[in-house]
Amino acid sequence: MLPDTPIHTLPESYHEVKHLVATEGRTLIWLNLAALIPLVVMLLVIGEWWRVIQRVRGVFGDQLLDHPSFLLQVALTIGVVILTFTVHELIHGLAIWRMGHKPRFGVRLDLGVAYATTDNALFPRNQFIVIALAPLIGMTLVGMGLMFVVSDALAYYIGLMIVINASGAIGDMWMSWMVWRYPAYALVRDEADSIRIYMPNTPAT
(Lines give C-alpha, C1' and ligand atoms only; values in the text may rest on other atoms or scores of the structure.)
Protein backbone atom coordinates (compact mmCIF):
# COMPACT_ATOMS: atom_id res chain seq x y z
CA MET A 1 0.00 0.00 0.00
CA LEU A 2 1.46 3.38 -1.08
CA PRO A 3 1.36 6.31 1.37
CA ASP A 4 -1.07 9.20 0.81
CA THR A 5 1.71 11.76 1.33
CA PRO A 6 4.19 12.81 -1.42
CA ILE A 7 6.83 10.14 -2.00
CA HIS A 8 10.47 11.28 -2.10
CA THR A 9 12.34 8.06 -1.39
CA LEU A 10 12.00 4.82 -3.31
CA PRO A 11 10.59 2.12 -1.01
CA GLU A 12 13.07 -0.67 -0.33
CA SER A 13 10.72 -3.23 -1.86
CA TYR A 14 10.72 -1.45 -5.24
CA HIS A 15 13.14 -1.84 -8.15
CA GLU A 16 13.48 -0.26 -11.59
CA VAL A 17 11.73 -2.12 -14.41
CA LYS A 18 11.79 0.40 -17.26
CA HIS A 19 13.70 3.50 -18.35
CA LEU A 20 12.04 5.47 -21.15
CA VAL A 21 13.96 8.28 -22.85
CA ALA A 22 11.84 10.50 -25.11
CA THR A 23 14.87 12.26 -26.62
CA GLU A 24 16.74 9.17 -27.77
CA GLY A 25 17.51 9.29 -31.48
CA ARG A 26 15.10 6.70 -32.86
CA THR A 27 12.40 7.40 -30.27
CA LEU A 28 12.57 11.15 -30.94
CA ILE A 29 12.19 10.59 -34.68
CA TRP A 30 9.15 8.35 -34.22
CA LEU A 31 7.58 10.77 -31.77
CA ASN A 32 8.03 13.65 -34.21
CA LEU A 33 6.35 11.60 -36.93
CA ALA A 34 3.60 10.45 -34.56
CA ALA A 35 2.92 14.09 -33.63
CA LEU A 36 1.23 14.41 -37.03
CA ILE A 37 -1.62 12.22 -35.75
CA PRO A 38 -2.86 14.49 -32.93
CA LEU A 39 -2.14 17.46 -35.22
CA VAL A 40 -4.54 16.18 -37.89
CA VAL A 41 -7.11 14.92 -35.38
CA MET A 42 -7.20 18.25 -33.54
CA LEU A 43 -7.38 20.18 -36.80
CA LEU A 44 -10.52 18.21 -37.66
CA VAL A 45 -11.97 18.65 -34.17
CA ILE A 46 -11.32 22.39 -34.04
CA GLY A 47 -12.57 22.81 -37.61
CA GLU A 48 -15.86 21.16 -36.70
CA TRP A 49 -16.05 23.10 -33.43
CA TRP A 50 -15.58 26.33 -35.40
CA ARG A 51 -18.51 25.43 -37.66
CA VAL A 52 -20.66 24.86 -34.56
CA ILE A 53 -19.61 28.26 -33.16
CA GLN A 54 -20.44 30.00 -36.42
CA ARG A 55 -23.89 28.39 -36.59
CA VAL A 56 -24.72 29.25 -32.97
CA ARG A 57 -23.39 32.78 -32.53
CA GLY A 58 -22.67 34.04 -36.06
CA VAL A 59 -19.83 36.38 -37.03
CA PHE A 60 -17.98 38.31 -34.31
CA GLY A 61 -15.62 40.84 -35.86
CA ASP A 62 -12.47 42.45 -34.47
CA GLN A 63 -11.29 45.78 -35.89
CA LEU A 64 -7.67 45.18 -34.89
CA LEU A 65 -7.24 41.59 -36.04
CA ASP A 66 -9.70 41.14 -38.91
CA HIS A 67 -7.17 42.43 -41.49
CA PRO A 68 -3.72 42.18 -39.87
CA SER A 69 -0.58 43.08 -41.78
CA PHE A 70 1.83 40.33 -42.76
CA LEU A 71 4.27 41.34 -40.04
CA LEU A 72 1.51 41.30 -37.43
CA GLN A 73 0.44 37.84 -38.57
CA VAL A 74 4.01 36.57 -38.25
CA ALA A 75 4.41 38.19 -34.83
CA LEU A 76 1.10 36.75 -33.60
CA THR A 77 1.97 33.26 -34.84
CA ILE A 78 5.38 33.32 -33.15
CA GLY A 79 3.73 34.65 -30.02
CA VAL A 80 1.15 31.83 -30.09
CA VAL A 81 3.89 29.20 -30.35
CA ILE A 82 5.86 30.67 -27.44
CA LEU A 83 2.72 31.13 -25.34
CA THR A 84 1.54 27.58 -26.09
CA PHE A 85 4.67 25.89 -24.78
CA THR A 86 4.96 28.29 -21.85
CA VAL A 87 1.42 27.63 -20.65
CA HIS A 88 1.86 23.90 -21.35
CA GLU A 89 4.83 23.66 -18.99
CA LEU A 90 3.22 25.91 -16.38
CA ILE A 91 0.25 23.54 -16.23
CA HIS A 92 2.63 20.60 -15.77
CA GLY A 93 4.24 22.56 -12.95
CA LEU A 94 0.89 23.37 -11.36
CA ALA A 95 -0.10 19.70 -11.46
CA ILE A 96 3.24 18.71 -9.91
CA TRP A 97 2.70 21.31 -7.16
CA ARG A 98 -0.82 20.02 -6.53
CA MET A 99 0.66 16.56 -5.99
CA GLY A 100 2.82 17.98 -3.20
CA HIS A 101 6.14 18.47 -4.99
CA LYS A 102 8.12 21.55 -6.03
CA PRO A 103 8.25 21.99 -9.84
CA ARG A 104 11.43 22.89 -11.67
CA PHE A 105 11.40 24.37 -15.18
CA GLY A 106 14.05 24.31 -17.86
CA VAL A 107 14.88 24.30 -21.58
CA ARG A 108 16.99 21.87 -23.60
CA LEU A 109 18.42 24.23 -26.21
CA ASP A 110 20.15 21.38 -28.04
CA LEU A 111 16.76 19.72 -28.65
CA GLY A 112 14.61 22.84 -28.68
CA VAL A 113 12.31 21.55 -25.93
CA ALA A 114 11.07 23.03 -22.66
CA TYR A 115 10.20 20.92 -19.66
CA ALA A 116 8.73 20.95 -16.18
CA THR A 117 9.95 18.36 -13.73
CA THR A 118 10.69 17.95 -10.05
CA ASP A 119 13.65 16.59 -8.14
CA ASN A 120 13.61 13.57 -5.81
CA ALA A 121 9.93 12.83 -6.41
CA LEU A 122 8.11 9.61 -7.17
CA PHE A 123 4.54 9.49 -8.47
CA PRO A 124 2.07 6.61 -8.35
CA ARG A 125 0.94 5.66 -11.85
CA ASN A 126 -2.34 7.60 -11.80
CA GLN A 127 -0.75 10.76 -10.43
CA PHE A 128 1.87 10.70 -13.16
CA ILE A 129 -0.76 10.32 -15.88
CA VAL A 130 -2.74 13.26 -14.49
CA ILE A 131 0.39 15.43 -14.53
CA ALA A 132 1.34 14.30 -18.03
CA LEU A 133 -2.08 14.88 -19.62
CA ALA A 134 -3.16 17.99 -17.68
CA PRO A 135 -1.90 20.49 -20.33
CA LEU A 136 -3.47 18.59 -23.23
CA ILE A 137 -6.88 18.25 -21.59
CA GLY A 138 -6.89 21.59 -19.79
CA MET A 139 -5.74 23.77 -22.70
CA THR A 140 -8.05 22.01 -25.15
CA LEU A 141 -11.18 22.43 -23.03
CA VAL A 142 -10.44 25.98 -21.88
CA GLY A 143 -9.36 27.01 -25.37
CA MET A 144 -12.53 25.66 -26.97
CA GLY A 145 -14.57 27.55 -24.41
CA LEU A 146 -12.70 30.79 -25.10
CA MET A 147 -13.18 30.39 -28.84
CA PHE A 148 -16.91 30.68 -28.26
CA VAL A 149 -16.76 34.07 -26.54
CA VAL A 150 -13.93 35.96 -28.27
CA SER A 151 -13.84 37.53 -31.72
CA ASP A 152 -13.45 35.37 -34.82
CA ALA A 153 -9.90 36.58 -35.43
CA LEU A 154 -8.79 35.92 -31.87
CA ALA A 155 -10.58 32.55 -31.92
CA TYR A 156 -8.41 31.59 -34.89
CA TYR A 157 -5.22 32.06 -32.87
CA ILE A 158 -6.67 30.24 -29.87
CA GLY A 159 -7.59 27.36 -32.18
CA LEU A 160 -4.04 27.41 -33.52
CA MET A 161 -2.77 27.25 -29.96
CA ILE A 162 -4.94 24.19 -29.25
CA VAL A 163 -3.69 22.39 -32.36
CA ILE A 164 -0.01 23.16 -31.65
CA ASN A 165 -0.42 22.04 -28.06
CA ALA A 166 -2.00 18.74 -29.08
CA SER A 167 0.82 17.99 -31.49
CA GLY A 168 3.47 19.00 -28.95
CA ALA A 169 1.89 16.76 -26.30
CA ILE A 170 2.81 13.58 -28.19
CA GLY A 171 5.60 12.82 -25.69
CA ASP A 172 3.18 13.20 -22.78
CA MET A 173 0.68 10.89 -24.48
CA TRP A 174 3.35 8.29 -25.28
CA MET A 175 4.69 8.23 -21.72
CA SER A 176 1.15 8.07 -20.30
CA TRP A 177 0.36 5.10 -22.51
CA MET A 178 3.53 3.30 -21.48
CA VAL A 179 2.92 3.97 -17.77
CA TRP A 180 -0.76 2.97 -18.00
CA ARG A 181 0.32 -0.57 -18.87
CA TYR A 182 1.65 -0.99 -15.33
CA PRO A 183 -0.47 -1.48 -12.17
CA ALA A 184 -1.69 1.51 -10.16
CA TYR A 185 0.93 0.84 -7.47
CA ALA A 186 3.80 1.35 -9.91
CA LEU A 187 5.97 4.39 -9.13
CA VAL A 188 7.33 6.81 -11.73
CA ARG A 189 10.28 9.17 -11.44
CA ASP A 190 10.31 12.04 -13.92
CA GLU A 191 13.73 13.09 -15.23
CA ALA A 192 12.76 15.91 -17.62
CA ASP A 193 13.32 14.05 -20.90
CA SER A 194 12.90 10.54 -19.51
CA ILE A 195 11.06 8.55 -16.86
CA ARG A 196 11.94 5.56 -14.72
CA ILE A 197 9.25 3.07 -13.73
CA TYR A 198 9.53 1.06 -10.51
CA MET A 199 7.63 -1.99 -9.33
CA PRO A 200 7.68 -3.91 -6.02
CA ASN A 201 9.75 -7.07 -5.88
CA THR A 202 6.54 -8.94 -5.03
CA PRO A 203 3.05 -8.00 -6.26
CA ALA A 204 1.31 -5.42 -4.06
CA THR A 205 -1.69 -6.55 -2.07
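Helices and strands are taken here as DSSP runs, of at least four residues (H or I) for a helix and at least two (E) for a strand, and they are numbered from the N terminus. In these terms the chain, which is a predicted model, has a secondary structure of six helices and six strands. Followed along the sequence, these elements appear in the pattern β-α-α-α-β-β-β-α-α-α-β-β. Taken along the principal axes, the box filled by the C-alpha atoms of the chain comes to roughly 65 × 35 × 30 Å.

The helix pairs are described in turn, beginning with the pair nearest the start of the numbering, α1 and α2. Helix α2 covers residues 36–57, and its axis lies 4 Å from that of α1, the two helices packing at an angle of about 15°. Because angles under 35 degrees count as roughly parallel, α1 is described as roughly parallel to α2. The contact between them is formed by Asn32, Leu33 and Ala34 on the side of α1 and by Leu36, Ile37 and Pro38 on the side of α2. By residue class, this contact of α1 with α2 holds five nonpolar residues, one polar residue and no charged residue.

For α3 and α4, the axes come within 8 Å and cross at roughly 130°, and this angle makes α3 oblique to α4. The crossing of these two helices is right-handed. From α3 the contact draws on Thr84, Val87, His88, Ile91, His92, Ala95 and Ile96, while α4 contributes Ile131, Ala132, Ala134, Pro135 and Met139. The residues of this contact of α3 with α4 comprise nine that are nonpolar, three that are polar and none that is charged.

Helix α4 also packs with α5, at an angle of about 165° and with the two axes 9 Å apart. Since angles over 145 degrees count as roughly antiparallel, α4 is placed as roughly antiparallel to α5. In this pair the crossing is left-handed. On α4 the residues that meet α5 are Pro135, Leu136, Met139, Thr140, Gly143, Met144, Leu146 and Met147, and their counterparts on α5 are Ala155, Ile158, Gly159, Met161, Ile162, Asn165 and Ala166. The contact of α4 with α5 divides into 11 nonpolar and four polar residues, with no charged residue. Pro135 and Met139 of α4 thus appear in the contact with α3 and also in the contact with α5.

Several of these helices also take part in lining the largest pocket, which has a volume of about 850 Å³. Its lining consists of 33 residues, of which Val113, Ala114, Gly168, Gly171 and Asp172 are the closest to the centre of the pocket. At least two lining residues come from each of α1 (25–34), α3 (70–98), β2 (103–108), β3 (113–118), α4 (125–149), α5 (152–168) and α6 (170–180). Among the contributors, α3 gives the most to the lining of the largest pocket, with five residues. In terms of residue class, the lining of the largest pocket is made up of 20 nonpolar, eight polar and five charged residues.

Definitions and conventions: Residues numbered from 1 in each chain as written. Predicted model: local features only at pLDDT ≥ 70, side-chain atom pairs only at ≥ 80, totals over all residues. Heavy atoms only, no water. 1 Å grid on protein atoms, 1.4 Å probe; cavity = no way out; pocket = protein on both sides within 12 Å on 5 of 7 lines; lining within 4 Å. Points joined across faces, edges and corners; volume = space filled by probe spheres on them. Nonpolar A, V, L, I, M, F, W, Y, C, P; charged D, E, K, R; others polar. Axes fitted to C-alpha atoms, helices over the stretch in contact; angles between N-to-C directions. Parallel < 35°, antiparallel > 145°, perpendicular 65-115°, else oblique. Left-handed = near helix turned anticlockwise from the far one by under 90°. Contact = heavy atoms within 4.5 Å.
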